[in-house]
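Okay, thanks for coming, everyone. I'll put the sequence and the structure up on the screen, and then we'll walk through some of the side-chain contacts together.

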Amino acid sequence: MGWKGLHRLGRHICSTSTAFVSGTVAVIGLAVYVKLKDKGPAFAEWTEAEPHVKWDSNWDRRDPSSLVKKPQIKEQSLAYTEDLKEKTAKATRHLILVRHGQYVDSATSDEGRILTALGRQQAEITGQRLRDLDLDLTRIVSSTMTRAVETADIIHKFFPGLRLDRDDILREGSPIRPEPPSHSWRPDNYFFQDGARIEFAFRKYFHRADPEQKGDSVEIIVCHANVIRYFVCRALQLPPEAWLRMSLAHGSLTHVMIRPSGRVVLRCLGNSGHLPPDKVTFS
């Protein structure tokens with residue numbers, strides 16, 4: 001059976017399973033309701049549950065109320081209100097995180113960990129995809145590791161007039177000891193050193209727009225799987241130790257949107273749909 005056949009079969013299995021599960025849940029729900037209807041409200045207790053963790057609206061410490069000193073006397077209230085407006089973000093920031101292409105992972109030094117022929121093709125296709133999206137890009141910034149630099153350079157060919165920056169703090173590393181633990185053991189000093197740097201990178205790149213920014217911005221950040229996964233956990237205020245529970249393909253796109261209010265939206269995670277199936281790789 002070919003791939004298309006498997007796809008059709010999978011859809012059939014999913015639809016059949018969904019119908020069976022839905023029907024079963026409906027029957028059980030009806031039985032529970034009939035049993036409890038005379039004893040008061042019949043609803044699942046989790047529908048009334050309190051959030052485990054409340055959203056921190058001032059996660060980036062750029063909420064206007066934390067930037068302006070509160071008035072000491074009533075006469076200063078009007079000026080305080082005006083200052084709050086002045087310090088309020090007005091634009092949305094879009095961060096597109098690109099994982100580098102496949103590279104020679106058997107090399108013992110960063111200089112030798114260059115992109116493979118397939119990795120260069122992945123970067124090329126990713127650059128084409130970003131160009132086709134016709135985004136009003138602000139800049140491209142990349143890690144200084146060889147595989148990220150090469151990937152960013154290939155993507156930059158599709159945007160020759162765009163600003164291209166490098167940043168050491170975006171280099172790959174071990175952000176925090178994962179939970180559940182990884183099969184490959186690492187000493188604590190890896191996380192102690194890399195974690196502070198990667199957290200600093202998060203705080204540098206993830207924040208709502210400056211109040212002076214008038215229009216929305218789109219930045220491309222070319223870096224690494226561990227860094228991107230940690231960024232996503234932190235941005236969504238999920239447990240950061242969950243970063244290893246995700247997997248990202250080479251050349252994949254992760255789109256994070258930061259609204260003026262500080263709300264964060266993950267538009268996509270590790271999207272590799274622009275790559276042909278035979279060019280999708282993981283490591």
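**Aromatic rings, salt bridges and a few odd spots**

So, let's start here: Trp 59, Phe 202, Phe 206 and Phe 231 come together as one aromatic cluster. Before I go on, please keep in mind that this is a predicted model.

Let me take that cluster apart a bit. Searching the whole structure turns up 4 aromatic pairs. One of them is Phe 202 with Phe 206, and that pair is stacked, with 5.0 Å from centre to centre and 20 degrees between the planes. Are those two buried or exposed? Phe 202 and Phe 206 are both buried.

Now look at Phe 202 from its other partner's side. The ring centres of Phe 202 and Phe 231 are 6.2 Å apart and the planes sit at 45 degrees, so this pair is called tilted. To count as stacked, the planes would have to be under 30 degrees apart. What does the pair tie together? Phe 202 belongs to helix H6, residues 188–205, and Phe 231 to helix H7, residues 225–235, so the contact joins parts of the chain 29 residues apart in sequence. Phe 231 is buried too, just as Phe 202 is.

Okay, let's zoom out for a second. The protein has 7 helices and 6 strands. If you read along the sequence, the pattern goes α-α-α-β-α-β-α-β-α-β-α-β-β. There are 283 residues in the protein, and 40% of them are buried.

On to charges. Side chains of opposite charge can pair when their charged atoms come close. How many salt bridges does a search of the whole structure find? The count is 16.

The one I'd click on is Arg 139 with Asp 165, where the closest N and O atoms are 2.9 Å apart. This pair links distant parts of the chain: Arg 139 is in strand E2, residues 137–143, while Asp 165 is in strand E3, residues 164–167, and they are 26 residues apart. Why do we call both of these charged residues buried? The cut-off for buried is under 20% relative accessible area. Arg 139 has 17% relative accessibility, so Arg 139 makes the cut, and Asp 165 has 19%, so Asp 165 does as well.

Asp 165 has another partner, by the way: Asp 165 and Arg 163 meet in a salt bridge at 2.8 Å, N to O. And if you follow the contacts outward, you get a network of salt bridges linking Arg 93, Arg 139, Arg 163, Asp 165 and Glu 219.

Let's go back to helix H6 for another salt bridge. Glu 199 pairs with Arg 203, and here the closest N and O atoms are 2.7 Å apart. The two are 4 residues apart in helix H6, so about one helical turn separates them. The two ends of this bridge are worth comparing: Glu 199 is buried, with a relative accessible area of 13%, whereas Arg 203 counts as exposed at 58%.

There's also charge on the surface. Glu 82, Asp 83, Glu 86 and Glu 212 form a negative patch there. Within that patch, Asp 83 lies in helix H3, residues 77–86, and Asp 83 is partly exposed, with a relative accessible area of 34%.

Last stop, the backbone. Most residues other than glycine have a negative phi, and most peptide bonds are trans. So where does this chain do something else? The peptide bond from Glu 179 to Pro 180 is cis, with omega near 5 degrees. Pro 180 is in the loop between E3 and H6, and Glu 179 is found in that loop as well. Glu 179 counts as partly exposed at 43% relative accessibility. And have a look across from there: Glu 179 and Glu 241 are 62 residues apart in sequence, yet 5.4 Å apart in space, C-alpha to C-alpha.

Then there are two positive phi values. Arg 61 is not a glycine but has a positive phi of about 55 degrees. You'll find Arg 61 in the loop between helix H1 (3–36) and helix H2 (64–67), and Arg 61 is exposed, with a relative accessible area of 55%. Gln 237 also has a positive phi, near 60 degrees. Gln 237 is in the loop between H7 and strand E5 (253–258), and counts as partly exposed at 24% relative accessibility.

That's my tour, thanks.

Notes. Residues are numbered from 1 along each chain as its sequence is written. This is a predicted model: local features need pLDDT of at least 70, side-chain atom pairs count only at pLDDT 80 or more; totals for chains, interfaces and linings use all residues. Side-chain values use heavy atoms; hydrogens and water are left out. Patches are made of residues with over 30% relative accessible area and no salt bridge: like charges are joined within 9 Å, nonpolar side chains (Val, Leu, Ile, Met, Phe, Trp, Tyr) within 5 Å. Accessible areas come from the Shrake-Rupley method with a 1.4 Å probe; for residues, only the protein chains shown count as cover. A salt bridge is a side-chain nitrogen of Lys or Arg within 4 Å of a carboxyl oxygen of Asp or Glu. Lys and Arg count as positive and Asp and Glu as negative; His and the chain ends are not counted. The place of a charge is taken as NZ of Lys, CZ of Arg, CG of Asp or CD of Glu. Buried means under 20% relative accessible area, exposed over 50%, partly exposed in between (1.4 Å probe, protein chains only). Rings of Phe, Tyr and Trp (its six-membered ring) pair if their centres lie within 6.5 Å; planes under 30 degrees apart count as stacked, over 60 as edge-to-face and the rest as tilted.
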